[in-house]
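Thank you all for making time this morning. I would like to walk you through one model, going from a single position out to the chain as a whole, and I will try to keep to what the coordinates support.

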Amino acid sequence: MHLFGGSGDGIKVVFWDLALGGFVMASVYQVNKGVSRPIEFKGLKGVYIGVLAGGLVFLLVLFAALYIVGTPIYVVVPLILSLGGGWFGGVFRLSKRFGVHGLGKFFAKRSIPSHIRFSSRRVFVSLKGGDRGGI
């Protein structure tokens, strides 16, 4: 067994075997480092790749719909290009601001209520768990 170091994301592991007839054969396996790292493409991380792709598909459908309706092409093309540029900028800005899981955490934190109001003690009295010994 021989481990090759070097540049790149993986380590090559080579196993040397003696086969029939005295020939030497090598099996090369690529070991991936960073398996648990989030997916990244051109600076976009995680869910933002899907958000960008979904927005581009929507813009493609919008372009087709406007073109079929009969909107002049000199109106449709600048509109789609400006919307696409805004979408790209917005998605890249969100990716840079929140990171991989930050946007989900941001929306989760917004959905937590600031206070909870109970009109009676019945909720706490009817909790199961037995007698607490006067607590």
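Let me begin with Gly-99, which, if we set aside residues up to four places away in sequence, touches Tyr-48 and Leu-94. Please keep in mind throughout that this is a predicted model. Gly-99 sits in the loop between H2 and H3, directly following H2, and its phi is positive, near 80 degrees. Is Gly-99 buried or exposed? Its relative accessible area is 18%, and because the limit for calling a residue buried is under 20%, Gly-99 counts as buried. There is also a relation across the sequence here, since Gly-99 and Gly-46 are 53 residues apart along the chain, yet their C-alpha atoms are 8.4 Å apart in space.

From that loop we can step back into H2 itself, which covers residues 73-98. With 26 residues at 1.5 Å a residue, H2 should span 38 Å, and its end C-alpha atoms are 37 Å apart, which agrees with that expectation. The buried residues in H2 are Val-76, Ile-80, Gly-84, Val-91, Ser-95 and Phe-98. What covers the buried residues of H2? The cover includes strand S5, at residues 44-45, together with H1 and helix H3, at residues 102-110.

Two of the H2 residues just named, Val-91 and Phe-98, reappear in the largest nonpolar core, which has 6 residues, the others being Leu-44, Tyr-48, Leu-52 and Leu-103. The elements that give two or more residues to this core are H1 and H2. As general background, nonpolar side chains in soluble globular proteins tend to be buried together. Within this core, Leu-44 deserves a closer look: leaving aside its neighbours within four places in sequence, Leu-44 is in contact with Ile-39, Ile-49, Leu-52, Val-91, Phe-92 and Ser-95.

That brings me to the aromatic residues, where the structure holds 4 aromatic pairs. In one of them, the rings of Phe-63 and Tyr-67 have their centres 6.2 Å apart and their planes at 10 degrees, so the pair is stacked. Both residues lie in helix H1, residues 47-69, and they are 4 residues apart, about one turn of the helix. Phe-63, at 28% relative accessibility, counts as partly exposed. Another stacked pair is formed by Phe-88 and Phe-92, at 6.3 Å centre to centre and with 15 degrees between the planes. Phe-88 and Phe-92 are separated by about one helical turn, because they are 4 residues apart in H2. Phe-88 is partly exposed, with a relative accessible area of 35%, and Phe-92 likewise counts as partly exposed, at 32%. Finally, Phe-98, which we met as a member of the core, forms one aromatic cluster with Phe-106 and Phe-107.

Let me close with the chain as a whole. It contains 4 helices and 5 strands, and, read along the sequence, it follows the pattern β-β-β-β-β-α-α-α-α. How much of the chain is buried? Buried residues make up 13% of its 135 residues. Among contacts with a separation of 6 or more, 31% are accounted for by residues 24 or more positions apart. The accessible surface of the chain comes to about 11500 Å², and 66% of it belongs to carbon and sulfur atoms.

Terms used. Residues numbered from 1 in each chain as written. Predicted model: local features only at pLDDT ≥ 70, side-chain atom pairs only at ≥ 80, totals over all residues. Heavy atoms only, no water. Phe/Tyr/Trp six-rings, centres within 6.5 Å; stacked < 30°, edge-to-face > 60°. Buried < 20%, exposed > 50% of the residue type's maximum accessible area, 1.4 Å probe, protein only. Expected span 1.5 Å × (residues − 1). Contact = heavy atoms within 4.5 Å. Core = buried A, V, L, I, M, F, W, Y, C linked by side-chain atoms within 4.5 Å. Areas by Shrake-Rupley, 256 points an atom, 1.4 Å probe, with all protein chains shown as cover.
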